[in-house]
Amino acid sequence: MPQSPIVQLQKILETEANRGFDNGGIVGGLDKYAMHWQKAAEKASVDASVVTDVVGWLKAYPALTVEGRAVEMGTIQQKLSALSSAASPAPVKTAAPVVKKQKAPTKPKAPAKPAPKAEPVVKQTAPAKPKVSGRLDPLAKVAPRAPLPPEPEKLQLESPMTIVSGVGKKAAENLGKLGITTIRDALYAFPRRYIDYSALKPIGQLQYGEEVTVIGTIYSVNVRPTKNPKNKILEAVLGDGTGTIKLSFFNQQWLQKSLKPQTQVQVSGKVEQFLGRLVFNSPEWEPLEANALSTGRIVPVYGLTAGLSNKNMRKWMYTAVGYGARRVEDPLPEKLRKRLKLLNTNDALVGLHFPDSQEELAEARRRLAFEELLLMQLGFRKQRADWQSQEGIPLPSSDGWLETALSTLPFTLTGAQRRVLDEIRGDIATAKPMNRLVQGDVGSGKTAVAAMAMAAAVNNGAQAALMAPTSILAEQHYSGIRKLLANVPGIDWGDENQSAVRLLQGATPAKERREILAGLLDGSVKILIGTHAVIQDTVEFANLGLAVIDEQHRFGVQQRAALRGKGHNPHLLVMTATPIPRSLALTVYGDLDVSIIDEMPPGRQPIQTRVVYPQERERCYQFIRSQIEKGRQAYIICPLVEDTGKVVAKAAVDEHKRLSNKVFPDLALSLLHGRMKPAEKDAIMDEFRSGQSQILVSTSVIEVGVDVPNSTIMLIEGANRFGLAQLHQFRGRVGRGEHKSFCLLMTESTDGQPVTAEDISERLKVMESTTDGFVLAEKDLEIRGPGDFMGTRQAGYQELHMAQLSDLAMIASARNEADKLFKSDPNLEKPEHVLLKNRLASFWKPGTGDVS
């Protein structure tokens, strides 16, 4: 049974006393043992006050005089004895210390007053939680004897990195590739991960696979050749009295100059095995008295580029952070920090680069994550206020007009559609510009709601525009909206040749384009539907009252703002079929009112989804054939357009040829991909809609907007190559009619090896288990992180480094604080908010304040 931490420490102190208090009772010294003992004591539930006192004393031990060590040890031994069991060793007598290599003082009588001290006794504590302020040296807790290097002369936040010792011209160029050119850049170039080497263990207790730190003495060093005469391996044997372990370094013979026998070092790394013996392969190591940045602590790991090493990065960042962090003025008001118990900026930056504990790292992350979310929320509130500070065009619609208009539709709106339409009507009826996001699952009927809103705008003498990301989707909207609104009373929609609803794309003929542009100016074109062509400089409206953006995450900030800029503060309606997790709705779309169509039209059949293996391909083809024999149609989706030879994946062009010739020679197959001209795509889709082709082989170009109710089965090749949101969009192309529908997710090997059940990703398992888009959206965010989810990187603000957009509690806290600040000081003009105002301006990229 392992000894208790109290008994272990008592034995170490006994050894230390017998050695004459030379700090050699354990290899590396008592101060190095402090963190290891603290963890063991806390795990054993030793009284917290005793742990604090003992750890503080151990860390301060090297700073005490020999006499001070003897006297203090007696006090510590008494505390340990009071806690130990009856079998514990008695306290070590300190009345007659044996002092080696030094003249011992006259024996003090027991009890005796402390002898005069050459240096004051430094008593430090190790608080469980990091302090809110006051610590500037990143290594103060871990290595109190290791001060920062000399401060570079005239160091400022905008000083170049060359001001840091060791950063020459070449190193500065390499750092510049990482975006680090100044001290300020270095502060915010956060580690991408950490390795926890703070666990200190005796060599005799090491186990295979663990990542630890050991302290010991180099016993021997030799260099041996390998089978390749150009390569050599340096091997060193490290021991600490409890055992030995081999250190192995590949082609690093130069280490012989540093790793000499009798040298005391601390080594950190993963314990591995070679020929049945434990070994460290190329571990991190440092001389025992060195300023430990790579061993014996939680070690930061930075992103690198060619010519840089993490060892040098840590050394440079230690200086940059140690002196630079204290020069950063904290943008968060002090009252707010204290109320939420947040670290100040200085401590947070230091704690994030060189944390002394996992708790400190967590607190540093929490502080900086909150700051990012607060800045995001404040920016959204400012956008909303700016947007609504100028009046728009009121577009009221009476209940009588609406009921008459709805009666002309070939279907009845669902309760959810009607609720969302009423929310939109309420918004556009006032002069305050609407800023609303409508989200609804695939096939929930967003287009019908948008069409009614556009009709209301036209009924008020205004124009409406709808922008879609692809020509296929734009054409479908054009066809569908014309049919939906054809019989709405009180509006002259024109005839086939002079329609008030027009389609504008990049491929629109010049003559037709001139007609459309003229019609927009004179008001005869009342609704314009199109792709990016809608926002070209030549497009001008007479009176744009409502702008609609479909699949809005496909558009960048400037594109969305450009459409809105076509009118005088038009009402804005953005739509998405990609369900948005609630956390993103509160953050990325914080300036929008959100409506959800959470009800599907009646008659829609559930889609049965199943993951299939390559060896089941023939069965899948038979199933597709059985559906077609029932008069249905099918999609086969491929990840690539053509086989490049670089990626092992199905290519649409080759697959279409193979399926047409060998698998379905008696059926009509069509091919669709993004490299085709718009006219070709139109012809292919018309062919498929009309039933002339039975199977459509396509790339992801059909991800959105394709609506063929007779298609009931989809086979997605290489499904493991797509994200959840994209797979859900694909699946939404079937199940749009009265017949039961199916989606087959064909997995694909990425390394040429057979696919097994263990290879099935979490994404595909989730797809198989639910058709609920909102469940999938939350899971997608969890798996992928925010990243480019819903175009967050196009949102106009800096990339988030710390904030997790799945942390609803912190998001709610940031929203609450932003509301308080905005209500009390909307322009952040109070003295205590000046720094926050400046930080807000830098956080939001100039000229990109639109996230709609």
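This report covers confidence, overall make-up, two helices, one cavity and four single residues of a predicted model.

## Confidence and overall make-up

The protein chain averages a pLDDT of 81. Of its residues, 83% score at least 70. Over residues 85–146 the pLDDT is below 50. That stretch still has 113 contacts in the model beyond near neighbours in sequence. Residues 787–794 also stay under 50 in pLDDT. For them the model has 28 contacts beyond four places in sequence.

The chain has 852 residues, and 52% of them are buried. Its secondary structure comes to 25 helices and 21 strands. Contacts reach far along the sequence. Take the contacts between residues at least 6 apart: 73% of these join residues at least 24 apart.

## Two helices

Helix H9 spans residues 345–353 and is mostly covered. In fact, 9 of its 9 residues are buried. They are Thr345, Asn346, Asp347, Ala348, Leu349, Val350, Gly351, Leu352 and His353. What covers them? The cover of the buried H9 residues includes three helices, H6 (183–187), H7 (310–324) and H10 (358–388). It also includes strand S1 (193–196) and strand S8 (298–301).

Helix H11 spans residues 399–407, and its buried residues are Trp401, Leu402, Ala405 and Leu406. These four sit on the same side of H11, because they cover an arc of only 130 degrees around the axis. Asp399 and Ser407 are exposed on the other side of H11. Helix H12 (415–428) and helix H13 (446–459) are among the elements that cover the buried residues of H11.

## The second largest cavity

A search of the whole structure finds 3 cavities of 30 Å³ or more. The second largest has a volume of about 70 Å³. Its lining holds 11 residues. Nearest its centre lie Pro579, Ala725, Gly773, Leu776 and Ala777. Which elements give two or more residues to this lining? They are helix H21 (724–731) and helix H23 (773–784). By class, the lining of this cavity has 6 nonpolar, 4 polar and 1 charged residues.

## Four single residues

The table sets out relative accessible area and burial class for four residues.

| Residue | Relative accessible area | Class |
|---|---|---|
| Alanine 171 | 14% | buried |
| Threonine 217 | 15% | buried |
| Histidine 656 | 18% | buried |
| Glutamine 156 | 46% | partly exposed |

Where is alanine 171 placed? Alanine 171 is in helix H5. With a relative accessible area of 14%, it counts as buried, because the cut-off is under 20%. Leaving out residues up to four places away in sequence, alanine 171 touches Leu308 and Trp316. Alanine 171 and leucine 308 are 137 residues apart in sequence. In space their C-alpha atoms are 7.3 Å apart.

Glutamine 156 lies in the loop between helix H4 (66–83) and helix H5 (169–177). Is glutamine 156 buried or partly exposed? Glutamine 156 counts as partly exposed, at 46% relative accessibility. Beyond its neighbours within four places in sequence, glutamine 156 is in contact with Ile183 and Arg327. The C-alpha atoms of glutamine 156 and glycine 324 are separated by 7.0 Å. Along the chain these two residues are 168 residues apart.

Threonine 217 has its place in strand S2, residues 211–225. The relative accessible area of threonine 217 is 15%, so this residue is buried. Which residues does threonine 217 touch, not counting those up to four places away in sequence? They are Val237, Leu238, Gly239, Gln262, Thr263 and Gln264.

Histidine 656 lies in helix H19, residues 652–663. At 18% relative accessibility, histidine 656 counts as buried. Not counting residues up to four places away in sequence, histidine 656 touches Leu669, Ser670, Leu671 and Val697.

How values were computed
Residues are numbered from 1 along each chain as its sequence is written. This is a predicted model: local features need pLDDT of at least 70, side-chain atom pairs count only at pLDDT 80 or more; totals for chains, interfaces and linings use all residues. Side-chain values use heavy atoms; hydrogens and water are left out. pLDDT is the predictor's confidence in each residue, from 0 to 100. Contact means heavy atoms within 4.5 Å. On a 1 Å grid over the protein atoms alone, a cavity is a set of points where a 1.4 Å probe fits but cannot get out, and a pocket is an open set with protein on both sides within 12 Å along at least five of seven lines; lining residues have an atom within 4 Å of a point. Grid points are joined across faces, edges and corners, and a volume is the space filled by probe spheres set on the points. Ala, Val, Leu, Ile, Met, Phe, Trp, Tyr, Cys and Pro count as nonpolar, Asp, Glu, Lys and Arg as charged, and the others, Gly among them, as polar. Buried means under 20% relative accessible area, exposed over 50%, partly exposed in between (1.4 Å probe, protein chains only). The arc is that of the directions from the helix axis to the C-beta atoms.
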